[in-house]
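Colleague: I should be grateful for a close look at one part of this model, taking a single strand as the point of departure and working outward to what surrounds that strand. Please set out the reasoning wherever the computed values allow it.

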Amino acid sequence: MRRAFAVLLAVVVVAACARDGASPAGPRVQAALSAPDDAALAAALRTAGGVAAVDPAALDQVRRVRAREKSAVRVFGVADAPTPQAGEALVVPGDAAAAAIDLALLACHGIALPPKVALGLRVVDETNAAAGGALRPGPGDVGFAVLARQHAAQLTTKPTTDVVFRMGLVASDGGDGWPARAFAAARAAAARYPQLAMEARAGDGTNARAEAALRELLAANVRVLVVALADPAPLAAVAARAAELRIAVVAIDPSLAAAPAACVVGSDPAAIGRALGEMARAALPSDAEVVLLRRDAPAVTATAFQSALAPKPQ
């Protein structure tokens, strides 16, 4: 009897140790949706503990459906500004449009640009929203700040000369996707500089229109081109002509992988996904199910989010 009890006790102890040594379970993705209609999203939210909207367009839809459904589901989203609503935690990428305009202005002055500027991001929740969130610097932030300091005289909003540079701006669509948002933000950023004369062309979602706009601006002899293109094919088609005319191209690209350009600006899409996943893992119960909603975001963002949900091995 004593021997049987000792064996049973040993089994219990071993099982307990195995449980203690194992990594705790984490939230899991219940469904990954690309571009559902509002009804499909509402149905998914009714059975979920959280929802991850991995780009601003997806977050806009989640907010609309969540408000209509009076849902209390937790939201982890990518946003343009650090202003979370109740029950939200946000990742705010660096302002790629403003950085692209500054870099384009430097290119107008003949200053060499870095080939890639990976901006940092802000993580915002109810604990730090009043302070604007917590900054997570990107590898490109330091270099960009140094460049801006070195050439502060060129990046002035009060130039001392009457020289005006012609700049072209092209987006691949005029809807609510990331190119259209970047287009609007870049126009606002350029308006701060009286030494810039912006010629803007919004696309219609087709590569043919984007390529035509690029060729039109190259023929107009702009000094630099700023582009926000969902598909790099139109830019690739005119890259040789831009190089021949010595017109620099600055690309705003959330994938940081645009076609030939002097400089590509954006925040690391994998870092954005990891930050979202870490917030969801910390805020949700270990058995929670999450709806993953992706519209314009690169696939790597969604993949990084799912990887970050799983706790790291001990």
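Modeller: In this predicted model, β11 and β12 run parallel and are joined by three bridges. Within that pairing, I252 has V265 of β12 as its bridge partner. β12 also pairs with strand β5 (residues 116-119), again in the parallel sense, and here over four bridges. In this second pairing, L119 is matched with S267 of β12.

The surroundings of β12 are consistent with a covered position: five of its five residues are buried. Both faces contribute, with C263, V265 and S267 buried on one side and V264 and G266 buried on the other. In a regular strand, side chains alternate between the two faces of the sheet. The listing of β12 residues by side follows that alternation, because neighbouring positions in a regular strand point to opposite faces.

C263 deserves a closer look. C263 counts as buried because its relative accessibility is 0%, under the 20% cut-off. The closest cysteine sulfur to that of C263 belongs to C108 and lies 13 Å away, too far for a bond. Seen from the other end, the sulfur of C108 has C263 as its closest cysteine partner, at 13 Å. A disulfide would require the two sulfur atoms to be within 2.5 Å, so this pair does not qualify. C108 is itself buried, at 1% relative accessibility. A search of the whole structure accordingly returns zero disulfides.

The loop that leads from β11 (248-252) to β12 (263-267) contains L256. The phi of L256 is positive, about 55°, although L256 is not a glycine. Most residues other than glycine have a negative phi. L256 is buried, with a relative accessible area of 9%.

A second residue with positive phi offers a contrast in setting. N221, which is not a glycine either, has a phi near 65°. N221 is found in the loop between α7 (207-219) and β10 (224-228). N221 is exposed, its relative accessible area being 56%, whereas L256 is buried.

N221 follows α7, and that helix can be examined in the same manner. At 1.5 Å a residue, the 13 residues of α7 should span 18 Å, and the end C-alpha atoms are indeed 18 Å apart, so the expected and computed lengths agree. The buried residues of α7 are A210, A213, L214, L217 and L218. Those residues lie on the same side of α7 because they cover an arc of only 135° around the axis. The underlying rule is that an α-helix has 3.6 residues a turn, so residues three or four places apart point the same way. On the other side of α7, A208 and A219 are exposed. The cover over the buried residues of α7 includes β8 (165-171), β9 (196-202), β10 and α8 (233-244).

Elsewhere in the chain there is an open sheet of seven strands, in the order β1-β13-β2-β3-β4-β6-β7 and with mixed pairing. Its edge strands, β1 (28-33) and β7 (134-136), each pair on one side only. From one strand to the next the twist averages 15°. Within this sheet, strand β2 (residues 50-53) and strand β13 (residues 289-293) pair in the parallel sense over four bridges, and A52 stands opposite L292 in β13. Helix α3 (residues 56-69) packs on the sheet, where it touches β2, β3 (74-78), β4 (88-93) and β13. The direction of α3 makes about 155° with that of β3.

For the chain as a whole, there are ten helices and 13 strands. Of the 314 residues, 44% are buried. The C-alpha trace spans about 95 × 45 × 40 Å along its principal axes. Among contacts between residues at least 6 apart in sequence, 68% join residues at least 24 apart.

To return to the strand from which this account began, β12 pairs in the parallel sense with β5 and runs parallel to β11, with both of its faces covered.

Note on methods
Residues are numbered from 1 along each chain as its sequence is written. This is a predicted model: local features need pLDDT of at least 70, side-chain atom pairs count only at pLDDT 80 or more; totals for chains, interfaces and linings use all residues. Side-chain values use heavy atoms; hydrogens and water are left out. Helices (H or I, at least four residues) and strands (E, at least two) are DSSP runs, numbered from the N terminus. Buried means under 20% relative accessible area, exposed over 50%, partly exposed in between (1.4 Å probe, protein chains only). Two strands pair if DSSP finds at least two bridges between them. Axes are lines fitted to C-alpha atoms, for helices over the stretch in contact, and angles run from 0 to 180 degrees between N-to-C directions. Contact means heavy atoms within 4.5 Å. The expected span of a helix is 1.5 Å times one less than its number of residues. The arc is that of the directions from the helix axis to the C-beta atoms.
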